[in-house]
Amino acid sequence: MTTPVIPGMHPDPSVCRVGEDYYLVCSSFEYFPGIPVFHSRDLVNWTQIGNALDRTSQLLLTAETPSSAGIYAPTLRHHDGRFHLIVTSVSHGGGNMVFTATDPAGPWSDPIMLPDVHGIDPDLAWDDEGNCWCTMAGVHQYRIDLATGEVLGASQRLWSGTARAKAPEAPHLYRIGEHWYLLIAEGGTERGHAVSVARGPAPDGPFEPCPANPILTHRSTYEPVQNTGHADLVQGPDGSWWMVLLGVRPGGGTPGWHVLGRETFLAPVTWVDGWPVVGPLTVTPPWPLQPVPAEPVRDDFDQSELRPQWVSTRNRSEEHCTTKDRAGWLTLHARGSGLDDPDVVFVGRRQQHLSCRARTLVDPSSGSGGLAVRFDEEHHYEIEVASGEVRVLARIGPLRTVVASRPAPEGPLVLGVQVDEAKELRDARSGPDTISLGVEEPGGTFTVLATLDGRYLSTEVAGGFTGRVIGVYAATGTVHFDWFDYEPLGD
Ligand code: 6LW
């Protein structure tokens with residue numbers, strides 16, 4: 001489907017089916033909690049049911065963890081009645097590790113470390129003899145003891161892909177019919193991304209490449225979805241085969257720029273001569289869809305725990321982020337010095353729509369902070385209340401600018417951000433992509449203090465593996481937020 005089934009920064013999807021239920025996980029990088037977990041009954045409509053890594057004993061992301069480091073691509077599998085999640089943490093005390101759960105909504109176990117498994121993009125597969133195979137980007141493979149994390153025997157190289165510019169990544173191994181299939185991504189996760197496949201008689205090969213490789217790529221096309229790759233196969237409710245994959249929706253023509261990060265898409269798969277053939281992303285599954293309730297626009301912070309969509313930059317603790325200090329408010333106690341600082345207390349949710357509006361009622365109380373659109377420490381726009389002043393700040397690489405300011409009224413006030421990807425941007429793939437930041441006057445009118453160019457908060461400018469996150473932060477002291485609205489205005 002040319003619209004993502006899970007929009008916003010949800011890259012490197014891995015999916016598994018248990019009876020009529022589907023579960024899917026994605027990378028989460030420097031954000032905590034890590035690894036969002038989704039549930040669906042139709043592969044199209046998904047609900048986030050939690051985050052797998054929600055405590056420090058599972059995931060430690062400190063100010064030393066750079067943006068776009070942290071949690072890379074996971075693989076989710078169900079075997080012998082338990083869910084297994086294998087993932088690489090590119091961070092302090094990181095490496096490859098496995099988590100297990102009986103309920104994918106959690107709780108998940110503490111990690112079983114795999115100290116002798118090296119590389120990224122780990123995959124898990126089991127053969128009929130009970131061997132557990134861990135296959136890594138490269139593509140190389142280990143046989144492991146999942147209970148202890150021990151490697152059994154030497155690792156071996158399985159396949160180096162189809163000699164594209166960049167090494168093969170995102171390997172997934174499947175036993176389908178008489179063959180073992182090895183699915184990989186190659187060409188890099190940018191515009192050259194592609195999916196290729198090989199098959200063999202056993203989980204450790206030897207593998208013969210598909211004569212039609214790559215079986216999916218949008219490179220060198222004017223497809224509205226680009227960077228297609230990093231796929232995982234699953235059977236639909238009717239036994240047909242489907243592929244979840246990552247893609248981006250660039251604006252501004254080819255190559256264009258994308259702001260939401262790499263999103264999760266769905267594509268049909270048929271089989272010809274024992275090889276998978278990937279159909280167009282425009283295809284909607286033929287079975288009855290089961291829509292899920294839309295997320296409420298407003299979060300009143302009335303619950304003791306934040307909803308699973310909320311993520312903070314690196315680990316957060318009750319000491320810095322709580323709804324218990326003031327009932328019905330989110331209270332942030334600053335520990336860094338603002339959004340340029342990796343130690344900032346920032347809590348937000350992924351921007352999932354090309355046009356949307358976010359608002360929050362802030363009581364600066366004894367501190368300074370506000371509402372921000374964040375890409376990383378060097379690419380963010382924010383409207384901040386500090387010492388009796390409201391100001392719009394912009395950080396683009398080496399440039400840090402106070403774009404606008406005006407006196408702030410006494411007491412709480414409503415800050416707003418409106419993101420507009422102009423219709424012509426989507427249709428004719430050109431035109432502005434603007435981010436307007438302002439304040440709501442007592443009568444409710446929204447006064448824009450500054451309108452900034454959205455192209456600078458894009459992957460093509462900022463680089464990295466993430467996407468925009470819109471949220472609130474404390475730069476100094478203590479700041480309270482009564483509610484937060486996220487309102488989609490367009491796809
Ligand atoms: C992921 C790997 C990749 O582990 O990017 O470019 C990493 N390819 O497959 C993060 O998404």
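Leaving aside its neighbours within four places in sequence, which residues is glutamate 190 in contact with? The legends below take up this residue and several others in a predicted model.

**Figure 1. Glutamate 190 and its contacts.** Beyond the neighbours within four places in sequence, glutamate 190 touches Lys166 and Asn227. Glutamate 190 sits in the loop that links β16 (179–186) to β17 (194–200). Its relative accessible area is 40%, so glutamate 190 is partly exposed. Threonine 476 serves as a distant reference point: 286 residues along the chain separate it from glutamate 190, and their C-alpha atoms are 37 Å apart.

**Figure 2. The whole chain.** The chain contains 2 helices and 38 strands. Its radius of gyration is 23 Å, close to the 23 Å that the globule rule gives for 491 residues, so the chain is as compact as a globular protein of that length. Along the principal axes, the C-alpha atoms fill a box of roughly 70 × 50 × 45 Å. Of the 491 residues, 60% are buried. Among contacts with a separation of 6 or more, 57% join residues 24 or more positions apart.

**Figure 3. Surface and charge.** The exposed area of the chain is about 17900 Å². Carbon and sulfur atoms supply 52% of that area. The side chains include 36 positive and 61 negative ones. The centres of these two sets lie 3 Å apart.

**Figure 4. Two nonpolar cores.** In soluble globular proteins, nonpolar side chains tend to be buried together. The largest nonpolar core here has 41 residues. Within it, Leu332, Ile383, Leu415, Ile470 and Phe484 touch the most other members. A second core, separate from the largest, has 21 residues. Val197, Ala231, Leu233 and Trp241 are among them.

**Figure 5. Two cis peptide bonds.** Most peptide bonds are trans. The bond between phenylalanine 32 and proline 33 is cis, with omega about -5°. Proline 33 lies in the loop between β3 (31–32) and β4 (34–40). Another cis bond joins glycine 138 to valine 139, with omega about 0°. Valine 139 belongs to the loop between β12 (132–136) and β13 (140–145).

**Figure 6. Positive phi at leucine 43 and aspartate 80.** Most residues other than glycine have a negative phi. Leucine 43 has a positive phi, near 70°. This residue occupies the loop between β4 and β5 (47–53). Is leucine 43 buried or exposed? With a relative accessible area of 0%, leucine 43 is buried. Aspartate 80 also is not a glycine, and its phi is positive at about 50°. Aspartate 80 is placed in the loop between β7 (75–79) and β8 (82–90). Its relative accessible area is 70%, so aspartate 80 is exposed.

**Figure 7. Proline 342 and its contacts.** Proline 342 is found in the loop between β27 (330–333) and β28 (345–350). Relative accessibility is 26%, so proline 342 counts as partly exposed. Neighbours within four places in sequence aside, proline 342 is in contact with Ala63, Arg314 and Glu377. Alanine 73 is 269 residues away from proline 342 along the chain, with 22 Å between their C-alpha atoms.

Definitions and conventions. Residues are numbered from 1 along each chain as its sequence is written. This is a predicted model: local features need pLDDT of at least 70, side-chain atom pairs count only at pLDDT 80 or more; totals for chains, interfaces and linings use all residues. Side-chain values use heavy atoms; hydrogens and water are left out. Helices (H or I, at least four residues) and strands (E, at least two) are DSSP runs, numbered from the N terminus. The radius of gyration is taken over C-alpha atoms; the globule rule is 2.2 Å times the number of residues to the power 0.38. Buried means under 20% relative accessible area, exposed over 50%, partly exposed in between (1.4 Å probe, protein chains only). Contact means heavy atoms within 4.5 Å. Accessible areas come from the Shrake-Rupley method with a 1.4 Å probe; for residues, only the protein chains shown count as cover. Lys and Arg count as positive and Asp and Glu as negative; His and the chain ends are not counted. The place of a charge is taken as NZ of Lys, CZ of Arg, CG of Asp or CD of Glu. A nonpolar core is a set of buried Ala, Val, Leu, Ile, Met, Phe, Trp, Tyr and Cys residues joined through side-chain atoms within 4.5 Å.
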